[in-house]
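Have a look at the model below before reading on. The notes that follow walk through its core, its cross-links and its charged pairs.

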Amino acid sequence: FSGCLAVYITEDKIKMKETIFAAFCLIALCGCAAKKADNPDAWTNKAQSINRMEIANVDAQAKEILSARGTLATGKSASHKIKLTADRDYAFFADCDYGCTNLDLALQRDGTEVKSDTAADSSPMFGWRARASGRYTLMPVMAACANKDGCGYSVQVFESGRVLIED
């Protein structure tokens, strides 16, 4: 971040989504986005680092169990299989690059949606406590991408014994 980003978190006063949005705004205001043309993964890399930092502030023992990247065109989705354990808390994140204005994220089990974030933003996230152990599918859906070749995205999942994101 070259010294242009300082994120201060006070206990239970700033929700995670607001903090990440504020961090994004600070990065843009500081001019850190100037290199976006040189590295299309620049924002997704930074976003993943911010997500790790935010989760560590909530639970330093939380484990990152999925980190994946890809490219999607508008209207397309990807599937990431993941094994979840009953009675464990999870945080799900997705972020997309500079060409994306709307990315959605859904968690499914056996083809049925169990949780999603479909707000019109580029960094969906949600917390969820697994009721049953098993294989789940995390699906990022590119709702709006300005690039004809698609937009880059990343997904992350963190596991903990405590709530990581308050919904």
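Which arginine does the side chain of aspartate 89 meet in a salt bridge? Its partner is arginine 129, with N and O 2.6 Å apart. Keep in mind that this is a predicted model. Aspartate 89 sits in strand S3 and arginine 129 in strand S6, so the pair links parts of the chain that are 40 residues apart. The two ends differ in how they meet the surface: aspartate 89 is buried at 7% relative accessible area, while arginine 129 counts as partly exposed at 38%.

**Strands S3 and S6**

That salt bridge isn't the whole story for these two strands. S3 and S6 run antiparallel and are joined by five bridges. One of the pairings puts phenylalanine 92 opposite phenylalanine 126 in S6. As for S6 itself, four of its five residues are buried, so the rest of the structure largely encloses this strand.

**The core**

Phenylalanine 92 also turns up in the largest nonpolar core, a set of 25 residues. It is listed there with the residues that have the most contacts inside the core, alongside Leu84, Leu107, Leu138, Met142, Tyr153 and Val155. Plenty of strands chip in: S1 (63–72), S2 (80–84), S3 (89–96), S4 (100–109), S6 (125–129), S7 (134–145) and S8 (151–160) each supply at least two residues. Apart from this core lies another one, of eight residues, including Ala91, Phe93, Met125 and Phe158. As a reminder, in a regular strand the side chains alternate between the two faces of the sheet.

What does phenylalanine 92 touch, once neighbours within four places in sequence are left aside? Its contacts include Leu84, Leu105, Leu107 and Leu138. From the stretch around S6 come Pro124, Met125, Phe126 and Trp128, and the list is rounded off by Gln156 and Val157.

**Disulfides**

The structure holds two disulfides. Cysteine 96 is joined to cysteine 100, with an S to S distance of 2.0 Å, and both of these cysteines are buried. The torsion about their S-S bond is about -65°, so this disulfide is left-handed.

The other disulfide joins cysteine 145 to cysteine 151, again with S to S at 2.0 Å. Here the torsion is about 90°, so the disulfide is right-handed. Cysteine 145 is buried with a relative accessible area of 15%, and cysteine 151 is buried too, at 0%.

**Salt bridges**

Side chains of opposite charge can pair when their charged atoms come close. There are three salt bridges in this structure, and here they are side by side:

| Acidic residue | Basic residue | N to O distance |
|---|---|---|
| glutamate 64 | arginine 52 | 2.7 Å |
| glutamate 159 | arginine 88 | 3.9 Å |
| aspartate 89 | arginine 129 | 2.6 Å |

Where do arginine 52 and glutamate 64 sit along the chain? Arginine 52 is in helix H2 (residues 42–58) and glutamate 64 is in strand S1, 12 residues apart. Both ends are partly exposed: arginine 52 has a relative accessible area of 33%, and glutamate 64 has 28%.

Then there's the salt bridge between glutamate 159 and arginine 88. Glutamate 159 lies in strand S8 and arginine 88 in the loop between S2 and S3, so this pair ties together parts that are 71 residues apart in sequence. Glutamate 159 is buried, with a relative accessible area of 13%, whereas arginine 88 is partly exposed at 28%.

**Threonine 101, out in the open**

Is threonine 101, in strand S4, buried or exposed? With 55% relative accessibility it counts as exposed, because the cut-off for that is over 50%. Not counting residues up to four places away in sequence, threonine 101 touches Asp121, Ser122 and Ala144. Alanine 146 is 45 residues away from threonine 101 in sequence, yet their C-alpha atoms are 7.8 Å apart in space.

Key: Residues numbered from 1 in each chain as written. Predicted model: local features only at pLDDT ≥ 70, side-chain atom pairs only at ≥ 80, totals over all residues. Heavy atoms only, no water. Core = buried A, V, L, I, M, F, W, Y, C linked by side-chain atoms within 4.5 Å. Buried < 20%, exposed > 50% of the residue type's maximum accessible area, 1.4 Å probe, protein only. Contact = heavy atoms within 4.5 Å. Pairing = 2+ DSSP bridges. Disulfide = S-S within 2.5 Å. Salt bridge = Lys/Arg side-chain N within 4 Å of Asp/Glu carboxyl O.
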